[in-house]
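Biologist: Hi! Could you walk me through this structure?
Modeller: Happy to. Let's put it up and start with a pocket.

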Amino acid sequence: MRPRQFEPHLPDEIEPRQLDKVARAELKTLSKENADFVARHLVMAGELIDEDPALAHQHAQAAGRRAGRIAVVRETIAITAYALEDYALTLRELRTYRRISGRNDQLPLMVDSERGLERPDRALELGRSVEVETLDVPVRVSLAIAMSGARLDLDQKDAALRELEIPQLNRTRAYSYSPDLFDAYGTVLEELGRETEAAEWYTLARRARAALNTLDTEEDRETVEIVEEEIIGFDGGDIALDDELSAGSVDSVELGDAEPDEGIDDGAADDADGEARD
């Protein structure tokens, strides 16, 4: 007889409709009662992941026991496991997620999990297993950052810099992925002893983050993220960081030339057993 699984508490105010519409659509194969139960646990996982990742993971696992063959459920288990630094479980769940969904959008997290398991060579091999042109632009950027980190793990600093020298490394425009990319580039430059250049990129990262955070609503922020690279050169809608920023639907913000700010701080197992949760 199996021991009873712990079921985390679901507050009455948590409703299924709070789950993202795309995720809710994946639950349509379930009965309404089960779909609502799973949806509420997924909502709780999303709300708790920053403040209490362990409890968020328990909610994700509760959803997994009811809907283990649903891609978004396995993805949520993986993300909460990553927050707990359980990289082996993250990899196992993301392999299952990729098999179910046919998507590679979590490849950067898989690469980073291989790094977490201290297997940078396998991380690089995994990152090269997919044609980068098939990935959406934000995923490409995240993958470049993860690959650069794996190069640093191997003390391949010049190669780490080259991993980040992608078309999206544009110091004059900022997109939703730009702050992390700029920070990563600055980190590698610092590792190479190029402190002045690193400080410039850290400054750009802070400017980009501040400008993007100025947009007032989550809906507005979503418009910052782009998929088609051609949008980079669009006319109109830019925001210069020296101008007064206002909320609105924009695709990027202009950064201008960066000068270093004063006082800059330097600084898996096979997934076959996972199906048993269904």
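**A pocket, two helices and an alanine**

Modeller: This is a predicted model. Its second largest pocket has a volume of about 240 Å³.

Biologist: Which elements give two or more residues to the lining of that second largest pocket?
Modeller: Those are helix H8 (137-153) and helix H9 (157-164). H8 gives the most, with five residues.

Biologist: How many residues line the second largest pocket, and which lie nearest its centre?
Modeller: There are 14 lining residues, and Val132, Arg140, Ala144, Glu163 and Ile166 lie nearest the centre. Sorted by class, the lining has seven nonpolar, two polar and five charged residues.

Biologist: Back to those helices. At what angle do H8 and H9 pack?
Modeller: About 175°, and their axes are 8 Å apart. Angles over 145 degrees count as roughly antiparallel, so H8 is roughly antiparallel to H9.

Biologist: Which residues make the contact?
Modeller: From H8, they include Ala144, Ile145 and Met147, while H9 brings Glu163 and Leu164, among others. The residues of this contact divide into seven nonpolar, one polar and three charged.

Biologist: New topic: where is alanine 45 found?
Modeller: It sits in helix H2, which covers residues 32-48.

Biologist: Is alanine 45 buried or exposed?
Modeller: Buried, because its relative accessibility is 1% and the cut-off for buried is under 20%.

Biologist: And what is alanine 45 in contact with, leaving aside its neighbours within four places in sequence?
Modeller: Ala56, His59, Ala60, Thr76 and Thr80. Also, the C-alpha atoms of alanine 45 and glutamine 58 are separated by 7.9 Å, with the two residues 13 apart along the chain.

Conventions
Residues numbered from 1 in each chain as written. Predicted model: local features only at pLDDT ≥ 70, side-chain atom pairs only at ≥ 80, totals over all residues. Heavy atoms only, no water. 1 Å grid on protein atoms, 1.4 Å probe; cavity = no way out; pocket = protein on both sides within 12 Å on 5 of 7 lines; lining within 4 Å. Points joined across faces, edges and corners; volume = space filled by probe spheres on them. Helix = DSSP H or I, 4+ residues; strand = E, 2+ residues; numbered from the N terminus. Nonpolar A, V, L, I, M, F, W, Y, C, P; charged D, E, K, R; others polar. Buried < 20%, exposed > 50% of the residue type's maximum accessible area, 1.4 Å probe, protein only. Contact = heavy atoms within 4.5 Å. Axes fitted to C-alpha atoms, helices over the stretch in contact; angles between N-to-C directions. Parallel < 35°, antiparallel > 145°, perpendicular 65-115°, else oblique.
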